[in-house]
Amino acid sequence: MDPILETKELTYSYDGDDAAEKRLVLNGIDLAVERGSFVAVLGHNGSGKSTLARHFNGLFLPLGGAVYVDGIDTAAEETIYELRRRVGMVFQNPDNQIIASLVEEDVAFGPENLGVPREEIVRRVDEALASVGMTELRSHAPHLLSGGQKQRVAIAGVLAMRPECVVLDEPTAMLDPSGREDVLDTVERLRAEYGLTVVLITHHMSEAARADRVVVLSEGRVCLDGTPREVLTDVDALRAVGLDAPSPVLLALALRRRGADVGELPLTEEECADRIARWLETEKERV
Amino acid sequence: MLKNITLGQYFPGNSLIHRIDARFKLILTALFIAMVFCAKTPAGYGLIAAFLIFVVADSRIPPRLILKSLRSILIFIVFTAVLNVFFTKGETVLFSWRFLTVSREGIVFAVSMVLRIVFLIVGTSMLTYTTSPILLTDAIEALFSPLKKLRFPVHELAMMMSIALRFIPTLIEETDKIMSAQKSRGADFESGNLFRRVKSFIPLLIPLFVSAFRRADELATAMESRCYRGGDGRTRYRVMRSAARDWVALGAAAALTAGVVVLRIFGL
């Protein structure tokens, strides 16, 4: 295994150093994210998932333990900007992360900060905008865009820094359903195109189902970790940490309780429909 | 209510005025202001008016909008006119009643003051009407960059300005939203005397400020994530290039200013 992100016994608290009794938001997290993988981090509000995300590019520094990006300690001051280039971050509120008054200018913001020569910035902006399908709206003002489009601009802004990993902190929480699809499709496409490592912080089960690994946090600890099929079908364990399994899983379980054998639990609506259709076929044959 | 703020708004276009380099336009505006304060004679004012009419006509900005920007300072204009008419001491008294006297000089002075104000407002709004705020910020940063040597935070101020500009529409939208929310719960922003109306804005301003601070915090985090570390070592995506027309415009404006000064000296 070749981890790009690694946390070792990571602890964190918002109470500062001198607080006598610290309430730990992160309480001993050991996690390694493999290069090129797509990891979804699930968790209830206050489970520490956003706090964890902010450790991956050195926005927060560990209280105890350590975080490594490509083997570099995030606490090392001299490499912090290189680290932030490698690990791009997309935040929840699309309005509060767009800095410039024009789409293309905003995409250029990262490379400008890195001191990339102008011709190269132009090339990167063109490429990043094309990758997220925003070329036509490049000279628009960001406040005229939809939520999904704004998030795509934010992703383009990260891409223009040529990152190796993208951490998305609930990027769809403030979007309508079509914007949500839009953003996730973009993320998945880019992952395939550039071989990016993707860490998606979310509380939508259907989004987590698209990942190839799901990590569930609760009270600052990793409580479940596995493939989506392992984690998302574990209804009881999810319920114990205040999460509901994806609705296709719950539907299939309800059917099962009523005596319909739909086979392996489905994760997506499509899968669920297939299982039900197959079961109806077999029922018809039996009659 | 908040949609009709036009002062300081940009109208995209492709006219000569639009295409003049923002740095030059800034200098032109400074020259224009100097011109307005130098003018003293009808011929001088006529020259400035002609220049302004040319600029407005060229920019293709509907005159209606320009009148609208004047309407917002109408009270100020009227106030200036009235004060100057009544309180300028002059020799040729036309009318007198108790402590109020109207003299010929007073009227002339009032008219010239009003003209100056109108010229200044129209002239400076032509700058913001025809220059995108981003280019304007860039121009300010470029023109003031020599001050960096005196450790004056030119880049930081320009960055702050561009962020402020970026967030104006966002905050206006938010204000509208909060107002609707308050109205739906019975808040009244439109009736009552001035004091009451001002007071009714407090429940509007508090949530607006709270959210603005939260936005600022999140924006700072996002900027940090994208490796922002001040102006040092930063490259620019957009570069400003001056063309021949910029120098021609500057020359023309300088000549015009000289003309106004000459008219003043000769008292024409």
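In this predicted model, the centres of domain 1 and domain 2 of chain B, taken over C-alpha atoms, are separated by 32 Å. The domain assignment builds domain 1 of chain B from two stretches, 2-131 and 243-265, while domain 2 covers 154-225. Chain A is also assigned two domains, with domain 1 spanning 3-230 and domain 2 spanning 246-287. For chain A, the centres of domain 1 and domain 2, again taken over C-alpha atoms, lie 36 Å apart.

Helix H3 of chain B, residues 42-59, is a good place to start looking at helix packing. Its axis and that of helix H6 (residues 104-130) of chain B come within 11 Å and cross at roughly 25°. Angles under 35 degrees count as roughly parallel, and H3(B) is therefore roughly parallel to H6(B). The crossing of H3(B) past H6(B) is left-handed. On the H3(B) side, the contact is made by B:Tyr45, B:Ile48, B:Leu52, B:Val55, B:Val56 and B:Ser59. H6(B) answers with B:Leu115, B:Phe119, B:Val122, B:Gly123, B:Met126, B:Tyr129 and B:Thr130. Sorted by class, this contact has ten nonpolar and three polar residues, with no charged ones.

H3(B) also packs against helix H11 (residues 244-265) of chain B, with the axes 9 Å apart and an angle of about 160° between them. Since angles over 145 degrees count as roughly antiparallel, H3(B) is roughly antiparallel to H11(B). Here too the crossing is left-handed. B:Ala43, B:Gly44, B:Leu47, B:Ile48 and B:Phe51 of H3(B) take part, together with B:Leu256, B:Gly259, B:Val260, B:Leu263 and B:Arg264 of H11(B). The residues of this contact divide into seven nonpolar, two polar and one charged. A reader following H3(B) in the structure will find B:Ile48 in the contact with H6(B) and in the contact with H11(B).

Turning to chain A, six strands form an open sheet with mixed pairing, in the order E6-E7-E8-E3-E9-E10. Strand E6 (87-90) and strand E10 (221-226) stand at the edges of this sheet; each has a single partner strand, so one side of each is left without a neighbour in the sheet. From one strand to the next, the twist averages 20°. At the E6(A) edge, four bridges join this strand to strand E7 (residues 165-169) of chain A, and the two run parallel. Within this pair, A:Val90 stands opposite A:Leu168 of E7(A).

Chain A offers antiparallel pairing as well. Strand E1 (residues 3-13) pairs with strand E2 (residues 24-34) in the antiparallel sense over eight bridges, and A:Tyr12 stands opposite A:Leu26 in E2(A). E1(A) is also paired with strand E4 (residues 64-69) of chain A, again in the antiparallel sense, over five bridges. In that pairing, A:Leu5 has A:Val69 of E4(A) as its bridge partner.

Finally, the two chains meet in a contact that takes 31 residues from chain A and 27 residues from chain B. On the side of chain B that touches chain A, the elements giving two or more residues are helix H7 (133-144), helix H8 (154-184) and helix H10 (202-225) of chain B. H10(B) gives the most to this side, with eight residues. By class, the side of chain B that touches chain A holds twelve nonpolar, six polar and nine charged residues.

Note on methods:
Residues numbered from 1 in each chain as written. Chains lettered and ligands numbered in written order. Predicted model: local features only at pLDDT ≥ 70, side-chain atom pairs only at ≥ 80, totals over all residues. Pairing = 2+ DSSP bridges. Axes fitted to C-alpha atoms, helices over the stretch in contact; angles between N-to-C directions. Contact = placed C-beta atoms within 7 Å. Nonpolar A, V, L, I, M, F, W, Y, C, P; charged D, E, K, R; others polar. Domains from an automatic or database assignment. Parallel < 35°, antiparallel > 145°, perpendicular 65-115°, else oblique. Left-handed = near helix turned anticlockwise from the far one by under 90°.
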